[in-house]
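Here is a colleague's note for you to read with the structure open beside it. Please take the points in order and look up each residue as it is named.

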Amino acid sequence: MIANFKLNVANAKAVGDTGYISKSGPYTGVIKLARLYDTNNGATMLVLEFVTDGSEHATISMPLTKINGEETFNRKIVDALMTVLKVREMNVMQGQYLDQKENVMKPAYLLNDLMNKPVGLLLQNAPEEYEDRTTRTIKVANRMNLLTPFDPQTMQTARELLEKKEAKYVQNKAATLKDKEVKKFAPTNYSAGFERPPQASINQGYQQAPQSYQQPAQGYQQPPQSAPAMYGSEEDIPF
């Protein structure tokens, strides 16, 4: 029998709370899961499961390539994450993750080098309407966009770290950051954006990782000719 109870404020706040991040702003914590998957229409997606120091959760989903294979701006965010986490190179690993909706383990392509390390994320809430397929009613879900990662100790962004500048961006951006307007629901082809699972079972091995991750992405080995030389020199990486 418990003979003494001491108030745990964090536990008290958790009761009646969803436990999910719902406000725009800077957060520090760890990325518990970083996985890649291809959609049925050919885009490559990165999903980050982020848990703050205060045990709030956020699922951040971003396309890295379009359906035609063209890289999106989010590919640069991966480089920024690597910078603040001090990762020079990383490979896609074959593993498993827990699908919390179905409560089963599933095979996945994982970026282990991004996981379970202290990191800061500047997030913007971009709520959007969706159709509840059970009730056929329109509801609103919070979608967190990753604006920039930052070092949780110094608050420096990747650029500030690489250029050895004082941390200013996150604080200045957070001071005026607001949630986005609610994106209205528009019927679409659901199946096109569905996840394409690995073809082989976990015990039989995997297909190759998405094409853009079999080798360093073209265009990121060396900067464009007009870019400052320091962005393409390994000697300028401070870790």
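1. Is Ala108 buried or exposed? Before answering, keep in mind that what you see is a predicted model. Ala108 has its place in strand E5, and this residue counts as buried because its relative accessibility is 3%, where the cut-off for buried is under 20%. In the pairing of strands, Ala108 is the bridge partner of Gly95. The C-alpha atom of Ala108 also lies 9.7 Å from that of Val92, a residue 16 places away along the chain.

2. The surroundings of E5 deserve a second look. Strands E4 and E5 run antiparallel and are joined by seven bridges, while E1 and E5 pair, also in the antiparallel sense, over two bridges. In the second of these pairings, Arg35 has Leu110 of E5 as its bridge partner. The hairpin of E4 and E5 has four residues between the strands, and there Asn103 takes a positive phi near 55°. As background for reading any such strand, in a regular strand the side chains alternate between the two faces of the sheet.

3. For the overall plan, the protein chain has four helices and ten strands, and from the N terminus on their order is α-β-β-β-α-β-β-β-β-β-β-α-α-β. Of its 239 residues, 35% count as buried. Among the contacts between residues at least 6 apart in sequence, 59% join residues at least 24 apart. The accessible surface of the chain comes to about 15500 Å², and 50% of that surface belongs to carbon and sulfur atoms.

4. The interior is best approached through the largest nonpolar core, which has 37 residues, with Leu48, Phe50, Ile60, Leu123 and Leu146 having the most contacts inside it. Several elements each supply at least two residues of this core, among them strands E1 (25-39), E2 (44-52) and E3 (57-65), as well as helices H2 (74-84) and H3 (158-162). The largest share, six residues, comes from H2. Leu146 makes a good example to trace by hand: leaving aside its neighbours within four places in sequence, this residue is in contact with Leu48, Ile60, Met62, Ile77, Leu81, Leu121, Leu122 and Leu123.

5. How many of the eleven residues of H2 are buried? The count is nine, and the helix is described as mostly covered. The buried residues of H2 include nonpolar core candidates to look for on screen, such as Ile77, Val78 and Leu81, but also Asn74, Arg75 and Thr83. The buried residues of this helix pack against E1, E2, E3, E6, E9 and H3. Just after H2, Lys86 takes a positive phi of about 60°.

6. That same lysine leads to the charged pairs. Side chains of opposite charge can pair when their charged atoms come close. Lys86 and Asp151 meet through their side chains in a salt bridge of 3.6 Å, taken from N to O. This pair links distant parts of the chain, 65 residues apart, with Asp151 in the loop between E9 and H3 and Lys86 in the loop between H2 and strand E4. Asp151 is buried, since its relative accessible area is 8%, whereas Lys86, at 46%, is partly exposed.

7. By the rule used here, the count of salt bridges comes to eleven, and two further examples may be compared with the previous one. Lys106 forms a salt bridge with Asp99, their closest N and O atoms being 2.9 Å apart; Lys106 is partly exposed at 23% relative accessible area, and Asp99 is buried at 12%. Asp99 and Lys106 are also linked with Glu102 in a network of salt bridges. In the other example, the side chains of Glu70 and Lys66 meet at 3.8 Å, N to O. Here Glu70 counts as partly exposed, at 42% relative accessibility, and Lys66 is partly exposed as well, at 39%.

8. A last point concerns Thr39, which is found in strand E1. Why does Thr39 count as buried? The reason is that its relative accessibility is 4%, which falls in the range under 20%. The side chain of Thr39 is joined to that of Asn41 by a polar contact of 2.3 Å.

Key
Residues are numbered from 1 along each chain as its sequence is written. This is a predicted model: local features need pLDDT of at least 70, side-chain atom pairs count only at pLDDT 80 or more; totals for chains, interfaces and linings use all residues. Side-chain values use heavy atoms; hydrogens and water are left out. A nonpolar core is a set of buried Ala, Val, Leu, Ile, Met, Phe, Trp, Tyr and Cys residues joined through side-chain atoms within 4.5 Å. Buried means under 20% relative accessible area, exposed over 50%, partly exposed in between (1.4 Å probe, protein chains only). Contact means heavy atoms within 4.5 Å. A salt bridge is a side-chain nitrogen of Lys or Arg within 4 Å of a carboxyl oxygen of Asp or Glu. A polar contact is a pair of N or O atoms within 3.5 Å; within protein, one must be able to donate a hydrogen and the other to accept it, and residues adjacent in sequence count only if both atoms are side-chain atoms. Accessible areas come from the Shrake-Rupley method with a 1.4 Å probe; for residues, only the protein chains shown count as cover. Two strands pair if DSSP finds at least two bridges between them.
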